[in-house]
Amino acid sequence: MTTASRQGGEADLAQVPLSALEHYTYCPRQCGLILLEDSFTDDAATVRGTLLHQRVDTPGNRGRGTVRTLHALPVWHDGHGLTGICDTVELHTDGTILPVEHKSGRYYPGGPADVQVAAQAMCLEHMFKRPVTTAAIYSGTDRRRHTVTVHEALRTRVLDTTNAVRNLLSSNHMLPSPVADSRCRRCSMATDCMPKLLAGTRHYQRALHDLYVIDEAQDDE
Ligand code: SF4
């Protein structure tokens with residue numbers, strides 16, 4: 001994944017992918033590995049997610065009763081520099097716009113998926129010029145939808161995370177440190193990341209320090 005800047009209009013913001021907000025919220029290092037190292041490793045959970053998305057990732061437009069359903073809808077927010085694709089967006093005849101993000105795993109209230117789907121809602125507001133105050137996450141494990149209220153605190157979280165991802169993108173490929181906690185057990189990137197090996201060890205800290213000593217020396221040449 002590479003960054004790109006929009007020309008003109010609102011500031012030349014580096015564009016932040018919506019999926020990166022979820023990755024960063026889960027673990028900043030996971031986001032760095034994907035965005036900066038172009039690294040991604042599948043495990044059983046991510047393959048399940050890919051299979052689940054095959055149906056909703058096919059662009060389409062279906063109407064049924066009072067709801068028109070759009071699949072794989074590209075969305076963006078010029079002011080916040082966000083861009084991505086919504087799995088499903090429902091357009092109700094009463095004016096309600098409802099983004100629905102599909103996840104294969106269990107739903108965790110207030111978790112990373114909430115930030116991703118709230119960002120989708122903010123993009124849809126920008127595009128349709130209409131309030132989008134509710135979103136939903138369909139959990140394949142739970143086999144049901146969970147409603148997410150897009151309140152002010154969640155919007156602030158979206159913007160803070162967007163800024164954090166943008167800082168990461170401009171960090172000259174400096175990966176965040178591993179979290180090395182229970183999140184690593186459910187992370188498909190653990191083999192690339194080596195969290196236990198690296199976290200807090202003197203060898204890692206020394207190697208990091210030496211790396212930048214070398215860089216500084218080269219800069220002075
Ligand atoms: S293994 Fe742990 S530290 Fe490494 S990317 Fe995954 S969650 Fe983050």
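**Notebook: ligand shell and the α1/α2 pair**

I sorted the shell around the ligand by class and got 11 nonpolar, 1 polar and 2 charged residues. My classes: Ala, Val, Leu, Ile, Met, Phe, Trp, Tyr, Cys and Pro are nonpolar, Asp, Glu, Lys and Arg charged, and the others, Gly among them, polar.

This is a predicted model, in which local features need pLDDT of at least 70, side-chain atom pairs count only at pLDDT 80 or more, and totals for chains, interfaces and linings use all residues. I number residues from 1 along each chain as its sequence is written.

I then listed the shell. It holds 14 residues, and the closest are C27, P178, C184, C187 and C193. A residue is near the ligand if its C-beta atom, placed from the backbone, lies within 6 Å of it. Two elements, α2 (28-36) and α6 (190-193), each give two or more residues. The largest share, 3 residues, is from α2. Helices are DSSP runs (H or I, at least four residues), numbered from the N terminus.

Where does the ligand lie with respect to domain 1 and domain 2? It lies between them, because domain 1 (16-176) and domain 2 (190-221) both give residues to its shell. The bounds come from an automatic or database domain assignment.

Next I checked α1 (residues 18-26) against α2. Their axes come within 5 Å and cross at roughly 140 degrees. I fit axes to C-alpha atoms over the stretch in contact, with angles from 0 to 180 degrees between N-to-C directions. So α1 is oblique to α2. Oblique is what remains after roughly parallel (under 35 degrees), roughly antiparallel (over 145) and roughly perpendicular (65 to 115).
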